[in-house]
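The following paragraphs offer a guided reading of one protein chain. Please keep the sequence and the three-dimensional view at hand while reading.

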Amino acid sequence: MRYLLGLTAMAAVVGAMASVSVASEHMPYEVTVTNNMDEELLAPVLVAPVSEDGKIFVDRYVSKEAEHQILTGDPAMLVGVIGDEASVGHGMDGPPGVLLAPGKSITFTVKSHASEVRVLAMVAPTMFEDHYVTAVVPLNGKSMSFDLDRFDIGYDEGRMTIEPVAQAVATVQVSAY
């Protein structure tokens, strides 16, 4: 009896280890972001597991690294705190040649073991200084399309809280390889 319990316990451990290795495998996905706005450009697009949202959002505001991305368009500080789990896609429009113009799309590869990722990009400050787009996208091996909604962080108003501005200003499509 003790021997059978030992074998059962060992089988459970091996099964758990197998499921962990499958879950931790980084699956490749093709991500396409399309700018649906009429006039405004999007800055480089960050994709990171939703488990990293604590490095992006703090209470009703954003972290200092996310604030930097939203105000400058440069995701480097946020990528620095998220690490290897972050991916960035760049457009080829506008000065400095890394923006995504209205009506255009960019496609890049994301490798992740996450079941959900956040897509985040600054709206270039040609009309408003502190807007961004975002959505949470499931990664389940299916090809899916989601809207990116627009938000204001309230930086230029001194409010320092996130408020929704508009829906479906961009689209993200995710396809597994």
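In this predicted model, Arg159 and Glu163 form a salt bridge, with their closest N and O atoms 3.3 Å apart. Arg159 also forms a salt bridge with Glu157, and there the closest N and O atoms are 3.8 Å apart. Side chains of opposite charge can pair when their charged atoms come close. How exposed are the residues concerned? Arg159 counts as partly exposed because its relative accessibility is 27%, a value that falls between the limits of 20% for buried and 50% for exposed. Glu163 is likewise partly exposed, with a relative accessible area of 37%, and Glu157 is partly exposed at 44%. Salt bridges with shared partners join Glu157, Arg159 and Glu163, together with Asp152, into one network.

A search of the whole structure finds seven salt bridges. Another of them is formed by Asp53 and Arg118, whose closest N and O atoms are 2.8 Å apart. Which parts of the chain does this pair tie together? Asp53 lies in the loop between strand 2 and strand 3, while Arg118 belongs to strand 7, so the salt bridge connects parts that are 65 residues apart in sequence. Both Asp53 and Arg118 are buried.

A charged residue without such a partner deserves attention next. Asp130 is buried but has no salt bridge. Its nearest side chain of opposite charge is that of Arg159, 5.8 Å away; this distance exceeds the 4 Å cut-off, and therefore the two do not count as a salt bridge. Asp130 is located in the loop between strand 7 (116–123) and strand 8 (131–138). A polar atom of the Asp130 side chain lies 3.1 Å from the backbone nitrogen of Asp156. Apart from its neighbours within four places in sequence, Asp130 touches several residues, including Ile70, Leu71, Phe151, Tyr155, Asp156 and Glu157.

The overall arrangement of the chain can now be described. The protein has three helices and ten strands. Read from the N terminus, the elements follow the order α-β-β-β-β-α-α-β-β-β-β-β-β. Of the 177 residues in the protein, 42% are buried. Among contacts between residues at least 6 apart in sequence, 65% join residues at least 24 apart.

In soluble globular proteins, nonpolar side chains tend to be buried together. Here the largest nonpolar core has 25 residues, and those with the most contacts inside it are Val33, Leu42, Val45, Phe108, Val119, Leu148 and Val172. The elements that give two or more residues to this core are strand 1 (27–35), strand 2 (42–49), strand 6, strand 7, strand 8 and strand 10. Val172 may serve as an example: beyond its neighbours within four places in sequence, Val172 is in contact with nine residues' worth of surroundings that include Val31, Val33, Val119, Val137, Phe146 and Leu148. A second, separate core has 15 residues, among them Leu46, Ala48, Phe151 and Ile162.

Phe151 appears again when aromatic rings are considered. A search of the whole structure finds one aromatic pair. Tyr132 and Phe151 form this pair, which is stacked, with 5.5 Å from centre to centre and 25 degrees between the planes. Where do the two residues lie in the chain? Tyr132 is in strand 8 and Phe151 is in strand 9, 19 residues apart, and the pair thus links distant parts of the chain. Both Tyr132 and Phe151 are buried.

Finally, the backbone has several features of interest. Most residues other than glycine have a negative phi, and most peptide bonds are trans. The peptide bond from Pro95 to Pro96 is cis, with omega near 15 degrees. Pro96 is part of the loop between strand 5 (87–89) and strand 6 (105–112). Asp59 has a positive phi, near 55 degrees, and lies in the loop between strand 3 (57–58) and strand 4 (61–62). Met160 also has a positive phi, near 55 degrees, and is found in the loop between strand 9 (144–152) and strand 10 (163–176). Are these two residues buried or exposed? Asp59 is exposed, with a relative accessible area of 78%, whereas Met160 is partly exposed, with a relative accessible area of 34%.

Note on methods. Residues are numbered from 1 along each chain as its sequence is written. This is a predicted model: local features need pLDDT of at least 70, side-chain atom pairs count only at pLDDT 80 or more; totals for chains, interfaces and linings use all residues. Side-chain values use heavy atoms; hydrogens and water are left out. Helices (H or I, at least four residues) and strands (E, at least two) are DSSP runs, numbered from the N terminus. Buried means under 20% relative accessible area, exposed over 50%, partly exposed in between (1.4 Å probe, protein chains only). Lys and Arg count as positive and Asp and Glu as negative; His and the chain ends are not counted. A polar contact is a pair of N or O atoms within 3.5 Å; within protein, one must be able to donate a hydrogen and the other to accept it, and residues adjacent in sequence count only if both atoms are side-chain atoms. Contact means heavy atoms within 4.5 Å. A nonpolar core is a set of buried Ala, Val, Leu, Ile, Met, Phe, Trp, Tyr and Cys residues joined through side-chain atoms within 4.5 Å. Rings of Phe, Tyr and Trp (its six-membered ring) pair if their centres lie within 6.5 Å; planes under 30 degrees apart count as stacked, over 60 as edge-to-face and the rest as tilted.
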